[in-house]
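Here's a quick briefing to read alongside the structure. Take a look at the fold before you dig into the bullets.

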Amino acid sequence: MMRAAAVAQRLGRQWDAIIVGGGHNGLVAATYLAKVPTLEIRCFMQAHQAGKSVCVLEKRHLLGGAAVTEEIIPNFHFSRASYVFSLFRPQIIRDLDLHRHGLESIRGLSGGLDMTSLVVYPRDPSSFTPLLNGKSLLLGSDMAANQASIAQFSKADAANYPAYNAMLDRLVDFFIPLVDELPPDLKVALGPTSTLTARMDALRSLGHLGLRCTKLGSDITTFLEFMTAPADKILNKWFESDVLKATLATDAIIGAKLSPSTPGSAYVLFHHIMGGVNGIKGTWGHVKGGMGGVTQALTKAAVEAGVHLETDAAVTSIDVAQGRVVGVTLASGEHVAASTVLSNASPSLTFLELVDRQYLPEDLLGHFEKAWNTESASTKINVALDALPNFTCAPNVGSEPMPHHRGTTHFEDSMTQIHDAYLDVQRGYSSKRPVIEMNIPTALDRTIAPPGKHIALLFVQYTPYLPKDGPWTDEKKAQFADQVFSVIEQYAPGFKNSILGYDMLTPPDLERIFSLPRGNIFHGAMGLDQLFWLRPMSGYADYRTPVPGLYLCSAGTHPGGGVMGACGRNAANVCLRDMP
């Protein structure tokens with residue numbers, strides 16, 4: 001009762017906006033709404049629209065959503081869910097002055113100082129694929145070294161690799177501006193119930209897309225192929241080596257219930273190469289101190305802008321009266337009043353659980369009950385290690401990390417291995433031979449584990465949400481974890497003995513802890529039928545909803561998942577144009 005009274009006292013006012021969910025997109029949206037813009041960002045926000053009173057309500061004990069650092073095992077600080085950094089929009093860093101809030105510049109491994117970069121250790125080499133025959137494939141920023149490594153398996157592939165990367169760079173340059181704009185939704189542009197502001201937004205987006213398509217020229221057919229094709233179709237055009245194709249194909253399935261042969265998987269591959277670190281396109285890195293460093297900086301920026309942040313404040317309903325939003329109700333029973341609500345919860349959770357059905361159109365309810373795909377098949381295992389993995393094909397020299405420890409280790413050297421693992425989950429079972437990506441952030445960041453100890457972050461596929469052979473009991477989880485560790489043991493003998501403890505998050509765990517629907521890290525599958533003007537649904541791709549005053553800002557909106565911040569920024573932009 002005392003806590004309820006204290007919460008009521010803190011929140012008992014009329015807010016301009018409430019953000020449901022304190023993940024990174026929610027924090028970004030909140031800060032843009034509350035911040036008085038500087039001259040540099042007035043092109044994005046008009047000064048008279050700034051300074052809104054904003055409250056963020058987070059169900060967990062800490063802010064950050066899936067981008068958090070947690071000490072699950074004493075003295076080991078895990079990036080518990082999201083674990084690598086690349087896609088975050090640089091203009092958000094500038095607009096919200098995140099460097100001043102703890103995301104400092106560092107001297108990269110190349111020796112150059114980039115004053116616009118975060119405290120992110122670039123993974124270079126970025127990718128390591130060990131083989132049981134003693135060979136390995138190592139890829140990074142040095143193209144000549146990449147070609148030499150690829151040439152072990154195919155000289156033709158080594159020759160083609162630079163052209164393949166150049167093609168991806170051209171497509172990224174075309175696509176990136178679309179990330180920061182509303183998707184071109186004809187249903188909004190021509191809809192009889194759309195507001196004039198919404199119509200103008202949609203028409204402007206359509207015009208910008210048309211101009212960009214003309215500039216892309218003949219590459220437009222390649223871009224359309226990436227949007228629709230299976231990843232293996234594209235990779236087979238460029239390469240013949242199975243180990244190279246399998247290494248590249250993992251980006252096409254990560255976080256998704258897809259095979260490289262599934263139509264649309266090429267876009268998932270493309271989505272994962274759109275970012276960069278320290279000005280290097282396509283590079284991923286580890287944030288110093290873990291992914292919570294990003295959301296801690298966002299939290300500080302939000303507080304400075306005047307945002308009120310409330311943890312342990314689960315929202316049970318988004319309240320509507322007389323046809324528009326009037327606030328939210330907390331699990332503790334308090335009503336918190338606001339004229340605008342932005343939901344950073346997934347679209348399916350927002351519409352099917354938080355808003356009363358009577359205020360929503362039947363076609364929207366039907367879409368999220370029957371058509372919206374949230375299937376996932378990913379499990380995260382965070383492992384505390386007594387020693388670095390020691391690969392047979394690249395033995396450790398001393399106790400210091402080797403170059404190959406910096407990047408993602410892939411344990412698949414053939415497309416068949418990936419496809420067979422996918423067939424298992426299609427039948428309703430966890431993969432007998434799981435697909436594993438391993439990152440060792442302590443190879444670059446010594447602050448997150450005790451001296452001499454290490455962390456391995458394992459992203460594993462495929463694991464069904466509801467296995468046919470029974471639910472995810474502790475026994476089943478331990479058995480599957482042992483399968484994963486046994487695969488790694490084949491390549492790095494002694495790995496099992498070096499494990500001090502681990503934290504395992506199956507799809508139901510990801511849903512329960514982080515509110516990821518069915519464990520889907522993107523809040524909804526990233527196929528063409530759920531992208532652009534179809535994300536989350538045609539007619540509602542502009543972050544607005546059928547309920548006046550209610551907006552969406554989560555990864556279930558355009559441009560999709562990943563620690564990007566674009567969903568929150570774009571939603572705030574729309575919201576500010578609509579607010580008085």
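What follows covers a sheet, a buried valine and a surface patch.

This is a predicted model, where local features need pLDDT of at least 70, side-chain atom pairs count only at pLDDT 80 or more, and totals for chains, interfaces and linings use all residues. Residues are numbered from 1 along each chain as its sequence is written, and side-chain values use heavy atoms, with hydrogens and water left out.

**The sheet**
- Five strands (DSSP runs of E, at least two residues, numbered from the N terminus) make an open sheet in the order β12-β3-β2-β16-β22, with parallel pairing.
- Its edge strands, β12 (308-310) and β22 (550-552), each pair on one side only; pairing takes at least two DSSP bridges between two strands.
- From one strand to the next, the twist averages 20°.
- β16 (residues 341-343) pairs with β22 over 3 bridges, in the parallel sense, and Ser 343 has Leu 552 as its bridge partner in β22.

**A buried valine**
- Val 336 sits in strand β15 (residues 335-338).
- Val 336 is buried (under 20% relative accessible area, 1.4 Å probe, protein chains only), at just 1%.
- Leaving out residues up to four places away in sequence, Val 336 touches several others, including Leu 11, Trp 15 and Ile 18; a contact means heavy atoms within 4.5 Å.
- The C-alpha atoms of Val 336 and Arg 10 are separated by 10.0 Å, though these residues are 326 apart along the chain.

**Out on the surface**
- Met 200 belongs to helix α7 (residues 196-216), a DSSP run of H or I with at least four residues.
- Met 200 has a relative accessible area of 43%, so it counts as partly exposed (between 20% and 50%).

Terms used: Axes fitted to C-alpha atoms, helices over the stretch in contact; angles between N-to-C directions.
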